[in-house]
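Colleague: I am new to reading protein models, and I would love a close look at one helix. Could you walk me through it slowly, and then show me some other parts for company?

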Amino acid sequence: MAHHLPVYQMKSSILHDGSRATVHPADVHGRFNHARRVVFGALLAVYLALPWIRLGGNPAVLLDLPGRRFYLLGRLFNAQDGFLLFFLLAGIGVSLILVTTILGRVWCGWACPQTVFLESVFRPIQRLIEGSREARMRREARPWDFDRAWRRALLWTVYLAISSALAHAFLGYFFPVRTLITMILGGPGAHPEAFLAVTIATGLIFFDVAWFREQLCLAICPYGRLQSAMTDPDTLVVGYDAKRGEPRGKAKGDGVGDCVDCNRCVVVCPTGIDIRHGLQLDCIACTQCIDACDEVMDKLHRPRGLIRYDSLKGLAHETRRFLRPRLFIYAAVITVWVVGLGLTLRRRVPFETNLLRLQGAPYILDGDAVRNQFNIHLVNKRNARTVFRVEPEAAAVPGLQYVIPLRTVTLEPLAGTNLPIFVTMPRSSFHGDIPLRIRVSPEPAAEGEERVVTAPFLGPAN
C-alpha cells in the first residue's frame with residue numbers, strides 16, 4: 001500500500017501572521033559539528049591575524065582609503081587600479097554561483113561571517129551563561145526576575161565587549177596595525193571618524209548577535225532567495241529521505257518508516273524549520289539536523305543518512321548527474337575570467353605616466369621660436385623607492401630642442417610628481433604638427449617596463 005507524505009504545519013522563525021518566534025536551538029554533537037568547529041576556528045584565526053601578517057615587507061591585506069593604496073596578498077595597488085575590482089567582483093560572483101550549483105548553500109553553513117561568529121563565539125557564550133535550550137525557554141516563559149535579569153545583563157555585556165573587539169579587528173583592514181593601536185590609545189577625541197566607525201560596527205554586530213540573528217538570513221540577505229535560480233535537482237543539499245522515513249511512527253510500530261517523529265532535527269535548527277518538508281528558503285545547510293538525526297539512528301541501531309547531504313534526485317532514489325550543461329557554461333565563464341585577469345595583470349605597469357600640455361595657450365611665440373610647455377605626470381606603483389629617468393626620443397626634425405630640468409627623479413611607493421618640459425624650435429622650421437615622444441623608464445628597468453608618452457608639438461599655421 002502506497003504511503004503519502006503527511007501534511008504538517010510548516011515550522012519557521014517567521015510565523016503565519018508575520019511575527020517572529022524566538023529560536024533556541026538545542027546543542028548537537030556529531031561529525032559535521034566537529035568539522036564545522038575546525039573550519040570556524042581556522043576562519044576566525046585568519047580574520048584576526050590577517051592584518052598582522054606581512055608579505056614581502058608589506059601588509060597581507062590593507063585597504064588604506066585615505067592614502068589610496070591597497071595591499072592584497074602583499075601586492076600594492078592604487079586608485080588607478082580600480083578597474084581590477086571588476087575582475088575581483090566578477091570572480092567572486094561566478095565562483096559563488098558555481099559552488100552553489102554543485103554544493104548548495106555550503107557558504108551559508110560553513111563560511112558566512114554571520115554563521116562563523118554566531119555559532120563559534122556567541123551561542124557557546126549564551127549556553128554558558130543562560131544554560132541549555134530547555135533552561136532558556138523555561139526562564140523566558142516566566143516574568144522577569146532577578147535570575148533572568150542578571151544573566152541577560154551579563155550576557156549582553158560580554159556580547160558588547162566581543163562585538164567591540166571584532167569591530168576593532170575589522171578596522172585593522174583599513175589602518176596599519178601600529179596606527180590602529182596608536183589610535184585606540186589616543187582615545188575617541190583624537191580620531192573621531194574612526195571612533196564613529198567602530199561604534200557603528202560594534203552596534204550592528206551586537207544588534208545582530210543579541211537579537212536579529214537568523215532574521216539577517218531570512219529578511220535581508222538576498223543569497224537565500226537567489227539559490228532557487230542557482231540550484232537544480234542535481235545540486236547537493238541537506239535533505240530528508242521521505243521514501244525511507246515515511247510514514248512516521250513509533251520505533252517499534254508496524255508498517256512505519258525510519259522517522260520516529262522525535263523532532264530532534266527541528267529543535268537543533270538555528271532557523272527553526274522542519275527539514276522534512278523539503279528544500280526551504282530558511283535552510284542554511286548548517287548540517288545540525290544531520291548530526292541530530294544520525295544520533296537518533298545510532299540509538300535505534302538504524303542506518304545513518306535519513307537526513308543527509310544529497311541531491312533532490314538522490315533523496316528521491318534517482319541517479320544524480322554531476323556533469324550537466326550549466327556547469328560547462330560556468331566553466332567557460334570562469335576560463336574567460338581567468339584569461340582576462342591574467343592578461344590584465346600582465347599588462348599592468350609598475351608606474352603610470354602621462355604627457356600633459358599646460359593650461360593656457362597651446363604654444364608661445366618667443367621671437368623667431370615656437371615654444372610648447374608640458375608636464376609629465378609620474379606615479380610610482382612599485383612597492384619600493386624607485387629612480388625614474390626621463391629622456392626625449394630623437395626626432396628627424398631640424399631645430400627641435402628639449403629642456404628637461406629634472407632628467408631623473410626618485411619617488412617613494414605610490415608617490416607622484418609633475419616634471420616640467422619645454423620644447424622649442426625655429427618658427428621657420430615648423431610646417432605642421434610634430435609628434436613628440438618622451439621615454440620614461442625606472443632604474444633598473446626590466447624588459448617591457450619602459451613607457452613612451454606622446455603629444456603633438458603645435459605652432460602657428462604658415
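Modeller: Happy to! Let us begin with helix H4, which has a kink of about 35 degrees centred on Glu119. Please keep in mind that this is a predicted model. H4 covers residues 113-130, and its 18 residues should span 26 Å at 1.5 Å a residue. The C-alpha atoms at its ends are 24 Å apart, which agrees with that expected span. Is H4 mostly covered or mostly open? It is mostly covered, since 13 of the 18 residues in H4 are buried. Just after H4 comes Gly131, and the phi of Gly131 is positive, near 90 degrees.

Now for a pair of helices. Two packed helices are described by the angle between their axes and the distance between those axes. For helix H1 (residues 31-49) and helix H13 (residues 288-299), the axes come within 7 Å and cross at roughly 145 degrees. On the H1 side, the residues that meet H13 are Arg31, Phe32, Asn33 and Arg36. Their partners in H13 are Gln288, Ile290, Asp291 and Asp294. Sorted by class, this contact of H1 with H13 has 4 charged, 2 polar and 2 nonpolar residues.

Let us pause at one of those residues, Asn33, which sits in helix H1. Its relative accessible area is 8%, and because buried means under 20%, Asn33 counts as buried. If you set aside the neighbours within four places in sequence, Asn33 is in contact with Val28 and Asp291.

Next, look at the strands. Strands of a sheet pair through backbone hydrogen bonds, either parallel or antiparallel. One open sheet here has 3 strands in the order S3-S4-S5, with antiparallel pairing. Its edge strands are S3 and S5 (75-78), each of which pairs on one side only. From one strand to the next, the twist averages 20 degrees. Strand S3 (residues 61-64) is joined to strand S4 (residues 69-72) by 4 bridges, and Val61 stands opposite Leu72 in S4. In the hairpin of S3 and S4, 4 residues lie between the strands, and Arg68 takes a positive phi near 55 degrees. On to the other pairing: S4 and S5 are antiparallel over 4 bridges, with Leu72 opposite Arg75 in S5.

Another open sheet has 4 strands, in the order S13-S11-S15-S16, and its pairing is antiparallel. Here the edge strands are S13 (408-411) and S16 (451-457), each pairing on one side only. The twist in this sheet averages 25 degrees from one strand to the next. Strand S11 (residues 386-392) pairs with S13 over 4 bridges in the antiparallel sense, and Phe388 stands opposite Val409 in S13.

Finally, find Leu312, which lies in helix H14 (residues 312-315). Leu312 has 37% relative accessibility and so counts as partly exposed. Apart from neighbours within four places in sequence, Leu312 is in contact with Pro233, Thr235 and Val237. How many residues separate Leu312 and Gly367 in sequence, and how many Å in space? They are 55 residues apart in sequence and 87 Å apart in space, C-alpha to C-alpha.

To return to your helix, turn the model until Glu119 faces you and look for the kink of about 35 degrees in H4.

Key
Residues numbered from 1 in each chain as written. Predicted model: local features only at pLDDT ≥ 70, side-chain atom pairs only at ≥ 80, totals over all residues. Heavy atoms only, no water. Helix = DSSP H or I, 4+ residues; strand = E, 2+ residues; numbered from the N terminus. Expected span 1.5 Å × (residues − 1). Bend = angle between axes of the 7 residues up to and from the residue. Buried < 20%, exposed > 50% of the residue type's maximum accessible area, 1.4 Å probe, protein only. Axes fitted to C-alpha atoms, helices over the stretch in contact; angles between N-to-C directions. Contact = heavy atoms within 4.5 Å. Nonpolar A, V, L, I, M, F, W, Y, C, P; charged D, E, K, R; others polar. Pairing = 2+ DSSP bridges.
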